Amino acid sequence: MSRLLRAKELLVVAAAMVLADVAQADLVGVQASPPTFSREESQVIERNAALSKAVKGDPWIVRRLFDATSEQPIPSVQSVQPDDDKQAVPPVEELEPASNPDLPRLQRVSPEAVNDLFQLLKLAGAKQQEKK
Amino acid sequence: MPKPKNAPEPVGWENELELLESLRWGRKEFPDRICQASRSQEERVLSVLRLEATYHLAEFFFLLRARGIEAAEDIGRLAELHNQYIVDIMKDPAKMERIGLNSERALEAMFTADTMPRLLQNWRERSGAIDQSNLARLLMVVMSTETCRKLVVACAEAGFLERARTPYGTMLVVSNGKLETLFGQMLRDLRGRIGGRG
C-alpha cells in the first residue's frame, strides 16, 4: 500500500510538473548519464502518459521524484485554477484516465474526509429544518 | 419482514456477507446506471463517469436535495460551516495529513468576502446555481479543483449538469436533478435488497 501511495504522490507531482512546465526547473547538479529505474518503476512510468512525457523531457527529475517519495511523502500538488475560471494561465492539460490508468485509481479520497462532508451537509440541513 | 425481537443471532456471518454483497452491488450499480443514462456514450465521457469522484459528486448533489438545502440562506449556512470546518482542521496537523490536505489548499477553499457574496447571489437568482470554483471549494476534501472541473465537464456532456459562462467570466453549474434521482434510486434499491434479506 505504501508503494501505491508513493506512486500516487509521484504521479501527482510529476503530472503537475509537466503541466506547469516545471521540467526546466533547476537541478541539484547536472547528471551526464541517464538514471536507471527498477522494473516496477518502469512499469509505473509506462502505464502513465504524464510520467512517460516527463521521463522523456528530463529523466533525472523522475528519478529524483522516485527517490524523494521513497524517503517521505510529497505533499500533493494541485493544479491552480483561477478563481473565476478565467484563463489567465495556460489551460491545464487533461489527464485522461485511459492514458494514465494509475492516476484515477490511486486518487482515492480519505473515508474520513467523505464522512466529514456528509456530516457538514447533515448539519446544514438540520439547522434548516429547525428554523421551519 | 422484520426479525422477531428475541430471535437468536445466526452463528455465522451470513447476514453480514449479504449486507456486504449488497453494498458492493450498490457501488457497482451506480456507475452502470449513470453510464446508461448518459446522453454521451463516448468512452472519454463514460470513463470519467466511472470514476469514484463522480460518485462523490453525485452524493453531494443528492445530499443538497435530500437535506433540503434550497434557499440562499441554506447554502450560506453550509458555506459558513465549511469555513469553520477548515479553521478547525487547520489546527489539527494530524488530521490534515490523514485527509491529504495542505494549508495552502485549505485556505484557498475558504469562502471569503469576495467569493461568499457571489455564492449567495447565484443561488438566489436560481436555486442550485453555483460557480464551478465555488463547487470545488465545497468539495475540497473529496477532490481536487481540476478533478471537479473534469467531472463537471463530463457530467454536462452526459446531460446531468448545465454549464454556462457568465458575463463575469465565471462558469456557472446547475444540476437538472437527474444525477440526484439516479443516486437516490440506487440507494432505495440498495435498501430494498438489504431489507429483503434475513
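How much area does chain A expose, and what share of it do carbon and sulfur atoms supply? Color chain A by element and show its surface: about 8000 Å² is exposed, and carbon and sulfur atoms supply 56% of it. Keep in mind as you click around that this is a predicted model.

**Stop 1: chain A as a cartoon**

Switch chain A to cartoon. You'll count six helices and zero strands. Walk along from the N terminus and the elements go α-α-α-α-α-α. Now color by burial: of the 132 residues in chain A, 39% are buried. If you turn on contacts, look at those between residues at least 6 apart in sequence; 76% of them join residues at least 24 apart.

**Stop 2: two helices in chain B**

Hop over to chain B and select residues 14-37, which is helix α1, plus residues 52-66, which is helix α3. Two packed helices are described by the angle between their axes and the distance between the axes. Here the axes come within 11 Å and cross at roughly 85°. Because angles of 65 to 115 degrees count as roughly perpendicular, α1(B) is roughly perpendicular to α3(B).

Which residues meet where α1(B) and α3(B) touch? Show side chains for Arg27(B), Phe30(B) and Ile34(B) on the α1(B) side. From α3(B), add Glu52(B), Thr54(B), Tyr55(B) and Ala58(B). Color this set by residue type and the contact splits into four nonpolar, one polar and two charged residues.

**Stop 3: the sheet in chain B**

Next, find the open sheet of three strands in chain B, ordered β1-β3-β2 with antiparallel pairing. Select 130-131 for β1 and 161-165 for β2 of chain B: these are the edge strands, each pairing on one side only.

Add residues 171-175 to bring in β3(B), which runs antiparallel to β2(B) and is joined to it by five bridges. Helix α9 of chain B, residues 145-158, packs on the sheet and touches both β2 and β3. Its direction makes about 110° with that of β2(B).

Zoom in on the facing pairs. Ala164(B) sits opposite Leu172(B) of β3(B), and Arg165(B) sits opposite Met171(B), also in β3(B).

**Last stop: the hairpin**

Which residue takes a positive phi in the hairpin of β2(B) and β3(B)? Follow the chain through the five residues between the strands and click Gly169(B), where phi is positive, near 90°.

Terms used:
Residues numbered from 1 in each chain as written. Chains lettered and ligands numbered in written order. Predicted model: local features only at pLDDT ≥ 70, side-chain atom pairs only at ≥ 80, totals over all residues. Heavy atoms only, no water. Axes fitted to C-alpha atoms, helices over the stretch in contact; angles between N-to-C directions. Helix = DSSP H or I, 4+ residues; strand = E, 2+ residues; numbered from the N terminus. Parallel < 35°, antiparallel > 145°, perpendicular 65-115°, else oblique. Contact = heavy atoms within 4.5 Å. Nonpolar A, V, L, I, M, F, W, Y, C, P; charged D, E, K, R; others polar. Buried < 20%, exposed > 50% of the residue type's maximum accessible area, 1.4 Å probe, protein only. Areas by Shrake-Rupley, 256 points an atom, 1.4 Å probe, with all protein chains shown as cover. Pairing = 2+ DSSP bridges.
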